[in-house]
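The following note is offered to a colleague beginning the study of protein structure. Please keep the sequence and the model in view while reading the numbered points.

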Amino acid sequence: MATSIALVTGAGSGIGRAVCRRFAQAGIQVMAIDRNGDEAKSTASALEGAGHQGMSCDVASQTQVNETVENIIKSMGKDIRTVSLINSAGITRDKGFLKMTEEEWDAVNDVNLKGTFLTTQAVCRAMVTKGLTGSIVNISSISGKGGNMGQANYAASKSGVVGFTKTVAKELGSKNIRCNAIMPGMIETPMIATIPDKVQAMVKQMIPMGEIGKPEDIANACFFLSSDQARYITGQTIEVTGGLGM
Ligand code: NAD
């Protein structure tokens, strides 16, 4: 039976895990991908419905990404109808930029920007070869719009994701592959656990809606952008921030 699949990176935690749940609820077969394979498998096994898989893959490694995507496409055979890719894998290494090391710069850009390029390229190559349609959603950040103290590496990677998204949208629009980005504001996940409570309280005061967002808020926007409801939307960036940084 022809089926729709969703490949989700960063699926072992936070936003990626919520995205997996949202797609599974809609009857879509989820491939949960994370550097932490155990967490990816634990995400997949907790999902509604059958056929979900969890797997280990470092998105910053072209060898691992190509192998993972190849295995998924091969195992699905001719059954795939549409493909969604949600790039949620991401890391921070915050520090004032005068003190930031080359390693801290590279680590963040390798995962957030290069990782997004590698997975999108591998999935889109397979889609174009097989004549499949679908959508890519890249998780950027509101830091990529306005910059953020201590996040020169992160903000640069997340702005880069937007430029990349628009380029993919232009290059693959005629193949019926859409590509959009989401800029989350502050969302309650393990990623923000390292931010001191005082700073979190300060940011919260700047959010017009007065509350920190939930992973499901981002998952719902990912699902919308990947669905037929968004069939004429490509190259766009949606801010899901409760109004922060608008
Ligand atoms: P998280 O730390 O809870 O989850 C990130 C996941 O990515 C983890 O499971 C981690 O293992 C995985 N990962 C890290 N490096 C990887 C790699 N090289 N290959 C594969 N997987 C890797 O964080 P989150 O809050 O869920 O973040 C998800 C995305 O949302 C990230 O891109 C992040 O930058 C973005 N974002 C988050 C917030 C927020 O406030 N939480 C705000 C803006 C943007």
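**Note on the predicted model**

1. A salt bridge joins the side chains of E216 and R21, with 2.8 Å from N to O. E216 belongs to helix α8 (residues 215–226) and R21 to helix α1 (residues 14–25), so this pair ties together parts that are 195 residues apart in sequence. The term salt bridge denotes a side-chain nitrogen of Lys or Arg within 4 Å of a carboxyl oxygen of Asp or Glu. In general, side chains of opposite charge can pair when their charged atoms come close.

2. The basis of the values should be stated at once. This is a predicted model, in which local features need pLDDT of at least 70 and side-chain atom pairs count only at pLDDT 80 or more, while totals for chains, interfaces and linings use all residues. Residues are numbered from 1 along each chain as its sequence is written, and side-chain values use heavy atoms, with hydrogens and water left out.

3. Are the two partners of the first pair buried or exposed, or do they fall in between? E216 is partly exposed, with a relative accessible area of 35%, and R21 is likewise partly exposed, with a value of 36%. Here buried means under 20% relative accessible area, exposed means over 50%, and partly exposed lies in between (1.4 Å probe, protein chains only). Helices (H or I, at least four residues) and strands (E, at least two) are DSSP runs, numbered from the N terminus.

4. How many salt bridges does the structure hold? There are 4 salt bridges in the structure, and two further ones deserve comment. One of them links the side chains of K145 and E239 (2.9 Å, N to O). K145 lies in helix α5 (residues 143–146) and E239 in strand β7 (residues 237–240), so the pair ties together parts that are 94 residues apart in sequence. K145 counts as partly exposed at 41% relative accessibility, and E239 is also partly exposed, at 32%.

5. Another salt bridge is formed by the side chains of K95 and E104, at 2.8 Å from N to O. K95 counts as partly exposed, with 31% relative accessibility, whereas E104 counts as buried, with 17%.

6. A negative surface patch is formed by E102, E103, D106 and D110. Patches are made of residues with over 30% relative accessible area and no salt bridge; like charges are joined within 9 Å, and nonpolar side chains (Val, Leu, Ile, Met, Phe, Trp, Tyr) within 5 Å. One member, D106, is placed in helix α4 (residues 102–130) and counts as partly exposed, at 34% relative accessibility.

7. Helix α4 also contains L113, which is partly exposed with a relative accessible area of 26%. L113 and Y154 are 41 residues apart in sequence, and their C-alpha atoms are 9.3 Å apart in space.

8. Which sign does the phi of N176 have? N176 has a positive phi of about 65°, although it is not a glycine. Most residues other than glycine have a negative phi. N176 is placed in the loop between α6 (152–172) and β6 (177–184), and counts as partly exposed at 47% relative accessibility.

9. Helix α6 includes S159, which counts as partly exposed at 34% relative accessibility. From S159 to G147 there are 12 residues in sequence and 8.8 Å in space, C-alpha to C-alpha.

10. Two buried residues may be examined next. M55, in strand β3 (residues 53–56), is buried with a relative accessible area of 14%. M55 and R35 are 20 residues apart in sequence and 8.3 Å apart in space, C-alpha to C-alpha. G37, in helix α2 (residues 37–45), counts as buried at 9% relative accessibility. The C-alpha atoms of G37 and V128 are separated by 28 Å, and these residues are 91 residues apart along the chain.

11. Finally, the record should be consulted with care. The UniProt annotation "domain: Ketoreductase", from an unreviewed entry, covers residues 4–189. UniProt positions are given in the numbering used here, feature names are shortened, and annotations may be inferred rather than shown by experiment. Over residues 4–189 the chain is 48% helix and 21% strand, and the end C-alpha atoms are 28 Å apart.

Terms used: Areas by Shrake-Rupley, 256 points an atom, 1.4 Å probe, with all protein chains shown as cover. Lys, Arg positive; Asp, Glu negative; His and termini not counted. Charge placed at Lys NZ, Arg CZ, Asp CG, Glu CD.
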